[in-house]
Amino acid sequence: MALKPAPKADSATDAELLTRIAAGDLGALGDLYQRHRVDLRTFLLRATSGHGDADDVLHNTFLTAARIAARFDGRESCRPWLIGIAARLVQQRGQKLARVARYLARIASARSLARDPVPELHARNDVRHALAHLSAAKRVVILMAEVEGMTCAEIATALNIPIGTVWTRLHHARRELVAALEGG
Amino acid sequence: MSCSRAIEVEAARDGRLADRGALDRHLHTCADCRAYADRLDALARSLRSLPDAPEDELAAQRARNRLLEGYDATRVPRVHRRGRWMAASAVLVATVAAIYLVTARRSARAPMIAAADPIVIDAEHARWSRIDDGTTTTVRLDDGDARIHVDHRGVWRRLVVLVPDGELDDVGTTFLVRVRDGHTFEVAVEDGRVTFLRGHDAPLLLTAGERWVVHEPVAAVAPVPSAAPAPPRAPSTPSIRVHAAAGATGAARAPIGDELRDAISDLDAGDPTTASRKLREIVERYPSDPRAEDAAYLLAIALQRASDTIGARAAARDYLQRFPNGFRRAAIEPLAR
């Protein structure tokens, strides 16, 4: 029996895979996931509080990407685009957690827990600890710039915020991190 | 920082400094700014060197399956929302087609075009069967050779191949399975990836170009737990090899906890009662651990082997309830009935 070979994931560009996903090709979504899962998960493990959160956001990132695949601009690699989706989801998650924390704080008449409380639980070393103390918005921006190597313009586009906001968040993130690491 | 130009260090880093040369000249003379630049470099290095947490292949594959099933499920309601329009369109098309067929002079016998089956099985001389259930297709290969091709480009279907001593979970797309005398002796992946769960062994990931073969008489291969009680036997370690093509990644083995390994040893040594006690402890103590699913599955098997049919059924139902999309769902369903 002659079997028709399926197109190899390695031979298709990200743009081609996303075009196929937009046309309803689930196999292409699997290939895209396979290609970018490790990088995205690494980013999310730094940007969130731990494995559970990272895996949840990873799942939602690819679901979102599949839903809006037709909007991809066709550049060679969709990694910055996926990082942008993931970063936005991390921020939304941080805002939700902050809302819940504020609500709980009001009920308990305790001090405000408006800062994302979860990352602190998983801090393993100084850098991770310092990173966990940043707000989600600053955390994702500093990771996108310093770890993912994205330019400020790319970050602004990915997060749909003005480039000035990116600069400001980067400045504050660096200042807070340096202060935390130097005991300030 | 006392230097008023320290802000330029950051600006240069962010690509918003017009005259980088001026800053470089300043850095030669300003120790304060140089120290700040070094601090920012060190910070970036620290962030980049945060340790990664590698994910085992089995967990990754499960996550991938959850993603595809999840996305496939989200597409259905969209179809329903447009259902009325789709139905109206279908009626219109059907009407036009009927008129055409009735009035056409030629005796055109319209060919029936069925939706293409995404799973193609070439197993002419093999003993096998196939069950399609929801989004999963289960192929049971009892004996012979089966070459299987899965096209995931259409509707997503999970494919599980049950062999007498284990199961294979396809991640696409073309592979060969050979079974003789109740034992798998070869799995060869031509394209895509396949996970092979063989007996109590850790999952084995085979990628394109890799071939798994048993290099000893198949009679010595440790059988997998089956629904029927099995006689006690001595554990055996078959010689297996994975042949990889150039450039192919190696086989990934998931870690397995000492406690689970201990319970499996008891099960292999023919002591299902002790094994079931240990497995129950693992299931209760580590409900959110990735190993809990394997332990829950083995618990049902151990109870069945201990002739505790009621306990085995309860354990099987508990497994299905806790892991509705579990990896061993197809294998454990008969026990739950």
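This tour moves through a predicted model, from the contact between two chains to the cores and then to one strand pair.

**The side of chain A that touches chain B**

Begin with both chains displayed and select the residues that bring them together: 36 residues of chain A are in contact with 36 residues of chain B. On chain A, five helices each supply at least two residues of this side, namely α2, α3 (51-67), α5 (126-133), α6 (136-146) and α8 (163-181). Colour α2(A) separately, since this helix gives the most, with eleven residues. Colouring by class then shows 20 nonpolar, seven polar and nine charged residues on the side of chain A that touches chain B.

**The largest nonpolar core**

Keep helix α2 of chain A (residues 26-47) selected. This helix also provides the largest share of the largest nonpolar core, ten residues. The core as a whole has 54 residues. To find the positions with the most contacts inside it, select A:Leu29, A:Leu44, A:Ala86, A:Ala87, A:Val141, A:Met144 and A:Ile155.

Centre next on A:Met144. Leaving aside neighbours within four places in sequence, A:Met144 is in contact with A:Ile83, A:Ala87, A:Met150 and A:Ile155. Apart from this core lies another, of 50 residues; B:Leu141, B:Leu159, B:Val187 and B:Leu279 are among them.

**Chain B as a whole**

Hide chain A and show chain B as a cartoon. Ten helices and nine strands should appear. Of the 337 residues in chain B, buried residues make up 31%. Among contacts in chain B between residues at least 6 apart in sequence, 50% join residues at least 24 apart.

**Strands β6 and β8 of chain B**

Now select β6(B), residues 183-198, and locate B:Ala188 within this strand. Is B:Ala188 buried or partly exposed? B:Ala188 counts as partly exposed because it has 18 C-beta neighbours inside 10 Å, whereas a buried residue needs 20 or more.

Add β8(B), which pairs with β6(B) in the antiparallel sense over three bridges. Which residue of β8(B) is the bridge partner of B:Ala188? The partner is B:Arg211. B:Arg211 is also one of the residues that B:Ala188 touches beyond four places in sequence, together with B:Phe175 and B:Leu176. For a distance check, draw a line between the C-alpha atoms of B:Ala188 and B:Leu206: the two residues are 18 apart along the chain, and the separation is 8.0 Å.

Finish by showing the side chains of β8(B), residues 211-214. B:Trp212 and B:Val214 point to one face and are buried, while B:Arg211 and B:Val213 point to the other and are not. In a regular strand, side chains alternate between the two faces of the sheet.

Conventions: Residues numbered from 1 in each chain as written. Chains lettered and ligands numbered in written order. Predicted model: local features only at pLDDT ≥ 70, side-chain atom pairs only at ≥ 80, totals over all residues. Core = buried A, V, L, I, M, F, W, Y, C linked by C-beta atoms within 7 Å. Buried ≥ 20, exposed ≤ 12 C-beta atoms within 10 Å, placed from the backbone. Helix = DSSP H or I, 4+ residues; strand = E, 2+ residues; numbered from the N terminus. Contact = placed C-beta atoms within 7 Å. Nonpolar A, V, L, I, M, F, W, Y, C, P; charged D, E, K, R; others polar. Pairing = 2+ DSSP bridges.
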